[in-house]
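Here is a walk through a protein–DNA model. Keep the structure open and follow along.

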There are 2 protein chains.
Amino acid sequence: MTVATSSPAERRRNKIRARILSAAESVFAREGAEGLSIRRLAENIDYSPAAIYKYFSSKDELVDELKETFFELILENVHLIADRSTPFAERARACLATYIRVAADKPHHYAAAFAGESVATGPVDTEPGFEESKKGQAFNVLRNMIAEGVETGAFRAEIDPSLAAKSVWASMHGLAMMIAHIPSYPALKPGQPSMAREAFIEFHADQVIRGMEAHHG
Amino acid sequence: MTVATSSPAERRRNKIRARILSAAESVFAREGAEGLSIRRLAENIDYSPAAIYKYFSSKDELVDELKETFFELILENVHLIADRSTPFAERARACLATYIRVAADKPHHYAAAFAGESVATGPVDTEPGFEESKKGQAFNVLRNMIAEGVETGAFRAEIDPSLAAKSVWASMHGLAMMIAHIPSYPALKPGQPSMAREAFIEFHADQVIRGMEAHHG
DNA sequence: ATTGTTAGTGAACAGTGTTTACTTTCTGAA
DNA sequence: TTCAGAAAGTAAACACTGTTCACTAACAAT
């Protein structure tokens, strides 16, 4: 083990790697994975197409890194809400709504994060490294929150947090995908779309939480 | 207006068109839109690639037709349940579950039906021809069912059927997409995945309905 | 100073959807 | 029945794509 954890050459390499990722990010955000071509990317940063392959073994690997970074962003935002000490019901709704908002902000990223065949090969939570992945961590935040709800009696006692978390995730995923693919969803008519969307996101989150709520009395 | 609504030539043409679609269908079901290449398709049916373009103006148009036919299948299945005279709650849950089941049966079709950029250009329900499209009709079935629930007092009075239909659709869409992209979702571990999935689909549908239910008491 | 690794490149390979110019085949009217 | 015109079908090319290979230039370490 050498002392220097980063040689000058290594730092320079990381810098270029980052520059490639940054250029890719901006194209990807605008046009998605299909719009991001290695040749165009190479031209943008004044390299030959083949040069990219000295830094990434394939386009998929490059895109995977963009997706992972994006899910890190989702996780950060959700954590910010989840760790607050506001009342449970409010906190739960805010978490769900936040997930959608971040997803809606980068629709191409969100859609791509779930469209990749690499993800589709195995079960979600038995995938190697799922627990450690950003997606897995986001799932855990959700499950813990539901467990809290069950323990405090806010949610029905018979609810299995793991199972419910998957159901809730699916529901939020659905809205996120709808917005990603149909940018104006769910606005009835164009015009003040963001207000209508905000209201809808909150309605949707509310519906999902209601589905789990206990009704004493 | 001529009497003959289909000349021999025309019938022959439709036959070949159908043969192309049929060959495309089987490849598409197995490998999705990316796996379906015009050249491979042409080879399968012993035509030159260019010949396909005498019947379809583009690959997108061909795929669009596959998608529309698929959504017709969904609609048929859902209608079969929706038109039954079983108790409302049971009927509603069965409709939602059916939507998922048909989608899960042809994951590539379902994913593609929502992935196309052509869909993503406008609002869902202000798209020209949305009301007439199979997707639009499925949406109407859902909205009418929710309206029925509100009228009979099963669902909360303040619920707007149009809005709620979008929320419910998003929830079901989410699960359908999860299953489409992650074939083993939501099984925790491989083994008896279809039973686990059946149970989960019903749990999910139940959660979604519960979100709208009124609690008199 | 020399050796070996790394950065970077131009050209090619194997695909893709699509268009164009061309030939063949068939059809509908004089 | 003949004959013009439309339609069916094709080979070859265009403009792309991701990726690999052989090669050169630069740099690091012994």
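**From the DNA to the helices**

Start at DNA strand C, which is surrounded by 21 residues. The closest are A:Ser48, A:Ala50, B:Ser37, B:Ser58 and B:Lys59. Both chains appear in that list. Several elements give two or more residues to this surface. From chain A they are helix H1 (8-35) and helix H3 (49-52). From chain B they are helix H1 (8-35), helix H2 (38-44), helix H3 (49-52) and helix H4 (59-82). By class, the surface near DNA strand C has 11 nonpolar, 4 polar and 6 charged residues.

Now turn to DNA strand D. Here 20 residues surround the strand. A:Ser37, A:Ser58, A:Lys59, B:Ser48 and B:Ala50 are the closest. Chain A gives two or more residues from each of H1, helix H2 (38-44), H3 and helix H4 (59-82). In chain B, the elements that do so are H1 and H3. The surface near DNA strand D divides into 11 nonpolar, 3 polar and 6 charged residues.

Next, take chain A as a whole. The model is predicted, and its chain A holds 9 helices and 0 strands. Read from the N terminus, the order of elements is α-α-α-α-α-α-α-α-α. Chain A has 217 residues, and 36% of them count as buried. Consider the contacts in chain A with a separation of 6 or more: 66% of them join residues 24 or more positions apart.

Chain A is divided into domain 1 (1-56) and domain 2 (64-210). Their contact takes 7 residues from domain 1 of chain A and 6 residues from domain 2 of chain A. On the domain 1 side, 5 residues are nonpolar, 1 is polar and 1 is charged.

Now look at one helix pair in chain A. Two packed helices are described by the angle between their axes and the distance between the axes. For H1(A) and helix H6 (residues 107-115) of chain A, the axes come within 7 Å and cross at roughly 35°. The crossing of H1(A) and H6(A) is left-handed. H1(A) brings A:Phe28, A:Ala29, A:Gly32 and A:Ala33 to the contact. H6(A) answers with A:His108, A:His109 and A:Ala112. By class, the residues of this contact are 4 nonpolar, 3 polar and no charged.

Two single residues complete the tour. The first stop is A:Ile201, in helix H9 (residues 193-210) of chain A. Is A:Ile201 buried or exposed? A:Ile201 counts as buried because 24 C-beta neighbours lie inside 10 Å. Leaving out residues up to four places away in sequence, A:Ile201 touches A:Ala97, A:Ile100 and A:Arg101. A:Arg101 is 100 residues away along the chain, yet the C-alpha atoms of A:Ile201 and A:Arg101 are separated by 8.2 Å.

The other stop is B:Arg93, in helix H5 (residues 88-105) of chain B. With 19 other C-beta atoms within 10 Å, B:Arg93 is partly exposed. The buried class starts at 20 such atoms, so B:Arg93 does not belong to it. Setting aside neighbours within four places in sequence, B:Arg93 is in contact with B:Ala205, B:Asp206 and B:Ile209. B:Glu213 lies 120 residues from B:Arg93 along the chain, and their C-alpha atoms are separated by 12 Å.

Key. Residues are numbered from 1 along each chain as its sequence is written. Chains are lettered from A and ligands numbered from 1 in the order in which they are written. This is a predicted model: local features need pLDDT of at least 70, side-chain atom pairs count only at pLDDT 80 or more; totals for chains, interfaces and linings use all residues. A residue is near a molecule or strand if its C-beta atom, placed from the backbone, lies within 6 Å of it. Helices (H or I, at least four residues) and strands (E, at least two) are DSSP runs, numbered from the N terminus. Ala, Val, Leu, Ile, Met, Phe, Trp, Tyr, Cys and Pro count as nonpolar, Asp, Glu, Lys and Arg as charged, and the others, Gly among them, as polar. Domain bounds come from an automatic or database domain assignment. Two residues are in contact if their C-beta atoms, placed from the backbone, lie within 7 Å. A residue is buried if 20 or more other C-beta atoms lie within 10 Å of its own, exposed if 12 or fewer, and partly exposed in between; C-beta atoms are placed from the backbone. Axes are lines fitted to C-alpha atoms, for helices over the stretch in contact, and angles run from 0 to 180 degrees between N-to-C directions. A crossing is left-handed if the near helix is turned anticlockwise from the far one by less than a right angle, and right-handed if clockwise.
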